[in-house]
Amino acid sequence: MFLDIFQAFDRIWHPGLLFKLKHALTSNFYLLLKSYLADTKFAVRHNNTLSDHYPIEAGVPQGSVLAPLLFLIFTADIPQAGNTTTALFADDVAVLSVNEVPVSATRQLQTHLNSLAEWYTRWRIKVNEAKSAQVTFTTRKNICPPLTFNNAPIPVTTEVKYLGLHLDQRLTCNTHIQAKHRQLDIKFRQFHWLLGRNSKLSLNNKLLLYKVFFKLIWSYGVQLWGCAKPTRLKITQRFQLKFLRNIVNAPWYINNQLVHTDLHIPSVTDEIQRVATKYNNKTHNHANDLIEHLYNNGPTDRRLC
């Protein structure tokens, strides 16, 4: 279940937040944050007319350094369950239940969702049930029965976008790769006047644009989708070669490997291997014991990509 929180940062209830801050922090920090939130007002301007000022009783200033921290404190006591997993990243909420029997997985998840619905209502956080999504990740044909939240049915889909990653029902990563390919094509057309064969921009600057814009698009989340099948990875590799050959105006008879070597740009497969090795070394030597726990106690028969 992927829950959509309605205007998460704008609807943080100030009295509830101050209540939690008072119990979580020392008096000095509490009073400082209380003064940060108190006595703030807003007005609406239409043309040359300005409305009266009204107090702001909910929300934290978006774009501020404190906003994500205050939101995390406000949601830190979200209900947990022993047979489900709750993944939180700011206002992105995912609740997962694992079971070989679809009905049992749904029953576990529904019980947890009922407690979440009570908690969200108590702390005045609104969930948009129509924009939430239920996905059954499985290679089998059977899917889990539908779920409800606040007695409202949750749409059942075969794919979902979570933290910028497109997750399909069978976790093949094909949906994510295709979505990134479309995004790269759009971005390339926007930059064609700078990157085309008739552009006067220097080669170094073209490569810089590639690293700053294009590489960041396709390499995002590569730790997850980098284990996709080689046939799917070739989609991204073809775009990279198209881009590199275009900026150097390479004739058809120039070998692709030579283009990579001369420009000092690794292939998609080599880049994935580099990132995977770096990520593996970083997590195995991480100071947080929970990260190491993922390797030592994780399931060994899970299918991903």
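Select Arg274 and Glu271: both lie in helix α11, three residues apart, which is about one turn of the helix. An α-helix has 3.6 residues a turn, so residues three or four places apart point the same way. The model on screen is a predicted one.

**Stop 1: the charged network**

Show the side chains of the two residues. Arg274 forms a salt bridge with Glu271, and their closest N and O atoms are 2.7 Å apart. Side chains of opposite charge can pair when their charged atoms come close. Arg274 is partly exposed, with a relative accessible area of 44%. Glu271, at 5%, is buried.

Now add Lys215 to the selection. Its side chain meets that of Glu271 in a salt bridge, with 3.3 Å from N to O. Glu271 belongs to helix α11 (residues 268-284) and Lys215 to helix α7 (residues 203-219), so this pair ties together parts that are 56 residues apart in sequence. Lys215 counts as partly exposed, at 22% relative accessibility. Keep Lys215, Glu271 and Arg274 on screen together: salt bridges that share partners join them into one network.

**Stop 2: Lys20 and its partner**

How many salt bridges does the structure hold? There are three. To see another of them, select Lys20 and Asp77, whose closest N and O atoms are 2.8 Å apart. Lys20 lies in helix α1 (residues 14-24), while Asp77 sits in the loop between α3 (66-74) and β6 (84-89), so the bridge ties together parts that are 57 residues apart in sequence.

Is Lys20 buried or exposed? Lys20 counts as buried because its relative accessibility is 9%, and the cut-off for buried is under 20%. Asp77 counts as partly exposed, at 39%. Next, show what surrounds Lys20. Leaving aside neighbours within four places in sequence, Lys20 is in contact with Ile73, Phe74, Asp77, Trp119 and Trp123.

**Stop 3: helix α4**

Select residues 102-122, which make up helix α4. At 1.5 Å a residue, the 21 residues of α4 should span 30 Å, and the end C-alpha atoms are indeed 30 Å apart. Colour the buried residues of this helix; among them are Ala105, Leu109, His112, Leu116, Trp119 and Tyr120. Which elements do the buried residues of α4 pack against? They pack against β1 (2-4), α1, α3, β6, β7 (92-97) and β8 (148-149). Move along the chain past the helix to Arg124, which follows α4 and has a positive phi, near 60°.

**Stop 4: the nonpolar cores**

Select Phe2, Leu167, Leu195, Phe214, Trp225, Phe243 and Leu244. Of the 37 residues in the largest nonpolar core, these touch the most other members. Apart from this core lies another, of 33 residues, including Trp119, Tyr120, Ile125 and Leu147. Trp119 and Tyr120 were also among the buried residues of α4.

Finish at Leu195. Which residues does Leu195 touch, not counting residues up to four places away in sequence? They are Phe188, Lys206, Leu209, Phe214, Phe243, Asn246 and Ile247.

Methods
Residues are numbered from 1 along each chain as its sequence is written. This is a predicted model: local features need pLDDT of at least 70, side-chain atom pairs count only at pLDDT 80 or more; totals for chains, interfaces and linings use all residues. Side-chain values use heavy atoms; hydrogens and water are left out. A nonpolar core is a set of buried Ala, Val, Leu, Ile, Met, Phe, Trp, Tyr and Cys residues joined through side-chain atoms within 4.5 Å. Buried means under 20% relative accessible area, exposed over 50%, partly exposed in between (1.4 Å probe, protein chains only). Contact means heavy atoms within 4.5 Å. A salt bridge is a side-chain nitrogen of Lys or Arg within 4 Å of a carboxyl oxygen of Asp or Glu. Helices (H or I, at least four residues) and strands (E, at least two) are DSSP runs, numbered from the N terminus. The expected span of a helix is 1.5 Å times one less than its number of residues.
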